[in-house]
Amino acid sequence: MRKVVAGKLHGIRVTGADLEYHGSITLDPDHCEAAGILPMEFVDIWNKHSGARISTYVIYGERGSRCCILNGAAARTCQKGDEIIICNSVYVTEQEIEQIKPVVLTFHPDNEIKERLGYDVGRDEQNRLSFNIIQFD
(Lines give C-alpha, C1' and ligand atoms only; values in the text may rest on other atoms or scores of the structure.)
Protein backbone atom coordinates (compact mmCIF):
# COMPACT_ATOMS: atom_id res chain seq x y z
CA MET A 1 0.00 0.00 0.00
CA ARG A 2 1.12 3.53 -0.77
CA LYS A 3 0.00 6.72 0.96
CA VAL A 4 -1.12 9.27 -1.63
CA VAL A 5 -2.91 12.62 -1.77
CA ALA A 6 -6.70 12.31 -1.61
CA GLY A 7 -7.60 16.02 -1.50
CA LYS A 8 -6.00 19.35 -0.77
CA LEU A 9 -6.86 22.88 0.30
CA HIS A 10 -3.91 24.81 -1.11
CA GLY A 11 -3.23 28.35 0.08
CA ILE A 12 -6.20 28.71 2.39
CA ARG A 13 -5.64 31.45 4.94
CA VAL A 14 -5.85 31.03 8.69
CA THR A 15 -8.81 33.01 10.04
CA GLY A 16 -8.22 32.33 13.72
CA ALA A 17 -6.46 30.38 16.43
CA ASP A 18 -7.97 29.12 19.68
CA LEU A 19 -5.28 27.91 22.06
CA GLU A 20 -7.85 27.00 24.73
CA TYR A 21 -9.86 24.64 22.51
CA HIS A 22 -8.99 20.96 22.94
CA GLY A 23 -7.43 20.43 19.53
CA SER A 24 -8.06 20.07 15.80
CA ILE A 25 -8.61 22.42 12.88
CA THR A 26 -12.04 23.94 12.23
CA LEU A 27 -12.91 24.23 8.54
CA ASP A 28 -15.87 25.33 6.44
CA PRO A 29 -17.83 22.18 5.49
CA ASP A 30 -18.29 23.55 1.95
CA HIS A 31 -14.51 23.56 1.41
CA CYS A 32 -14.11 20.12 2.96
CA GLU A 33 -16.88 18.53 0.91
CA ALA A 34 -15.49 20.02 -2.31
CA ALA A 35 -12.07 18.47 -1.57
CA GLY A 36 -13.34 15.20 -0.05
CA ILE A 37 -12.22 15.90 3.53
CA LEU A 38 -14.36 14.28 6.22
CA PRO A 39 -15.01 15.42 9.79
CA MET A 40 -12.68 13.69 12.29
CA GLU A 41 -10.30 12.80 9.45
CA PHE A 42 -6.60 13.35 10.12
CA VAL A 43 -4.91 15.84 7.82
CA ASP A 44 -1.41 17.15 7.35
CA ILE A 45 -0.99 20.92 7.54
CA TRP A 46 1.94 22.82 6.07
CA ASN A 47 2.41 26.51 6.83
CA LYS A 48 3.73 28.33 3.75
CA HIS A 49 4.94 31.28 5.88
CA SER A 50 6.79 29.53 8.71
CA GLY A 51 7.46 26.08 7.26
CA ALA A 52 5.75 24.43 10.25
CA ARG A 53 4.30 20.99 9.56
CA ILE A 54 1.70 19.39 11.80
CA SER A 55 -0.95 16.70 11.79
CA THR A 56 -4.38 17.03 13.39
CA TYR A 57 -8.01 16.13 12.77
CA VAL A 58 -10.78 18.14 11.12
CA ILE A 59 -13.94 19.44 12.70
CA TYR A 60 -16.60 21.22 10.70
CA GLY A 61 -17.34 24.86 11.50
CA GLU A 62 -20.12 27.07 10.21
CA ARG A 63 -21.12 26.32 6.62
CA GLY A 64 -20.28 29.20 4.28
CA SER A 65 -18.02 30.92 6.82
CA ARG A 66 -14.76 30.22 4.92
CA CYS A 67 -13.20 29.59 8.33
CA CYS A 68 -9.82 28.00 8.94
CA ILE A 69 -9.16 27.98 12.69
CA LEU A 70 -6.26 26.18 14.33
CA ASN A 71 -7.17 24.87 17.78
CA GLY A 72 -5.23 23.70 20.84
CA ALA A 73 -1.52 23.07 20.32
CA ALA A 74 -1.95 23.62 16.56
CA ALA A 75 -2.82 27.26 17.32
CA ARG A 76 0.86 27.85 18.17
CA THR A 77 1.98 26.89 14.63
CA CYS A 78 0.08 29.51 12.62
CA GLN A 79 -0.85 33.17 12.75
CA LYS A 80 -4.05 34.71 11.43
CA GLY A 81 -3.50 35.42 7.73
CA ASP A 82 -0.88 32.70 7.18
CA GLU A 83 -1.33 30.68 4.01
CA ILE A 84 -1.42 26.97 4.71
CA ILE A 85 -1.86 23.73 2.79
CA ILE A 86 -4.20 21.10 4.21
CA CYS A 87 -3.95 17.62 2.73
CA ASN A 88 -5.77 14.39 3.45
CA SER A 89 -4.50 11.07 2.19
CA VAL A 90 -5.54 7.55 1.36
CA TYR A 91 -3.71 4.24 1.06
CA VAL A 92 -3.90 2.53 -2.34
CA THR A 93 -2.18 -0.24 -4.20
CA GLU A 94 -0.07 0.67 -7.21
CA GLN A 95 -2.86 -0.65 -9.46
CA GLU A 96 -5.42 1.67 -7.80
CA ILE A 97 -3.38 4.84 -8.32
CA GLU A 98 -5.03 5.44 -11.71
CA GLN A 99 -8.53 5.22 -10.25
CA ILE A 100 -8.37 7.95 -7.61
CA LYS A 101 -8.86 11.55 -8.70
CA PRO A 102 -7.75 13.92 -5.91
CA VAL A 103 -9.34 17.37 -5.87
CA VAL A 104 -7.15 20.39 -5.17
CA LEU A 105 -8.75 23.73 -4.27
CA THR A 106 -6.82 27.00 -4.42
CA PHE A 107 -8.04 30.15 -2.69
CA HIS A 108 -8.38 33.91 -2.97
CA PRO A 109 -7.14 35.91 0.09
CA ASP A 110 -10.68 35.88 1.58
CA ASN A 111 -10.80 32.04 1.36
CA GLU A 112 -13.19 32.06 -1.55
CA ILE A 113 -12.39 29.15 -3.84
CA LYS A 114 -10.26 30.37 -6.75
CA GLU A 115 -9.64 27.15 -8.71
CA ARG A 116 -10.78 23.56 -8.67
CA LEU A 117 -7.99 21.34 -9.92
CA GLY A 118 -7.52 17.61 -10.07
CA TYR A 119 -4.62 15.23 -10.10
CA ASP A 120 -4.80 12.52 -12.72
CA VAL A 121 -2.48 9.53 -13.01
CA GLY A 122 -2.67 7.59 -16.23
CA ARG A 123 -0.47 5.71 -18.68
CA ASP A 124 1.52 6.99 -21.64
CA GLU A 125 2.07 5.25 -24.99
CA GLN A 126 4.76 3.02 -23.45
CA ASN A 127 2.44 2.07 -20.55
CA ARG A 128 4.48 4.13 -18.08
CA LEU A 129 2.72 6.09 -15.34
CA SER A 130 2.01 9.72 -16.20
CA PHE A 131 0.79 12.65 -14.08
CA ASN A 132 -1.38 15.57 -15.13
CA ILE A 133 -3.10 18.47 -13.42
CA ILE A 134 -6.65 19.01 -14.64
CA GLN A 135 -8.56 22.30 -14.41
CA PHE A 136 -12.19 21.64 -13.41
CA ASP A 137 -13.49 25.24 -13.70
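Here is a walk through the fold, from the whole chain down to one hairpin and a few of its residues. This is a predicted model, with residues numbered from 1 along each chain as its sequence is written. Local features need a pLDDT of at least 70, side-chain atom pairs count only at pLDDT 80 or more, totals for chains, interfaces and linings use all residues, and side-chain values use heavy atoms, leaving out hydrogens and water.

Let's start with the overall layout. The protein chain has one helix and ten strands, where helices (H or I, at least four residues) and strands (E, at least two) are DSSP runs numbered from the N terminus. Going along the sequence, you meet them in the pattern β-β-β-α-β-β-β-β-β-β-β. The radius of gyration is 16 Å, close to the 14 Å from the globule rule for 137 residues, so the chain is as compact as a globular protein of that length. That radius is taken over C-alpha atoms, and the rule is 2.2 Å times the number of residues to the power 0.38. Of the 137 residues, 43% count as buried; buried means under 20% relative accessible area, exposed over 50%, and partly exposed in between, with a 1.4 Å probe and protein chains only. Take contacts (heavy atoms within 4.5 Å) between residues at least 6 apart in sequence: 68% of them join residues at least 24 apart.

Now head for the C-terminal hairpin. Strand 9 and strand 10 pair in the antiparallel sense over seven bridges; for strands to pair, DSSP has to find at least two bridges between them. One bridge to look up is G122, whose partner in strand 10 is S130. Five residues sit between the two strands, and N127 in this hairpin takes a positive phi near 65°.

That phi deserves a second glance. Most residues other than glycine have a negative phi. N127 is not a glycine, and at 51% relative accessibility it counts as exposed. M40 is another non-glycine residue with a positive phi, near 75°. You'll find M40 in the loop between helix 1 (29-35) and strand 4 (42-47), exposed at 57% relative accessibility.

Back to the hairpin for its rings. The structure holds two aromatic pairs, and one of them is Y119 with F131, a tilted pair at 5.2 Å centre to centre and 55° between the planes. Rings of Phe, Tyr and Trp (its six-membered ring) pair if their centres lie within 6.5 Å; planes under 30 degrees apart are stacked, over 60 edge-to-face, and the rest tilted. Y119 lies in strand 9 (residues 113-123) and F131 in strand 10 (residues 129-135), twelve residues apart. Y119 is buried at 17% relative accessible area, whereas F131 is partly exposed at 47%.
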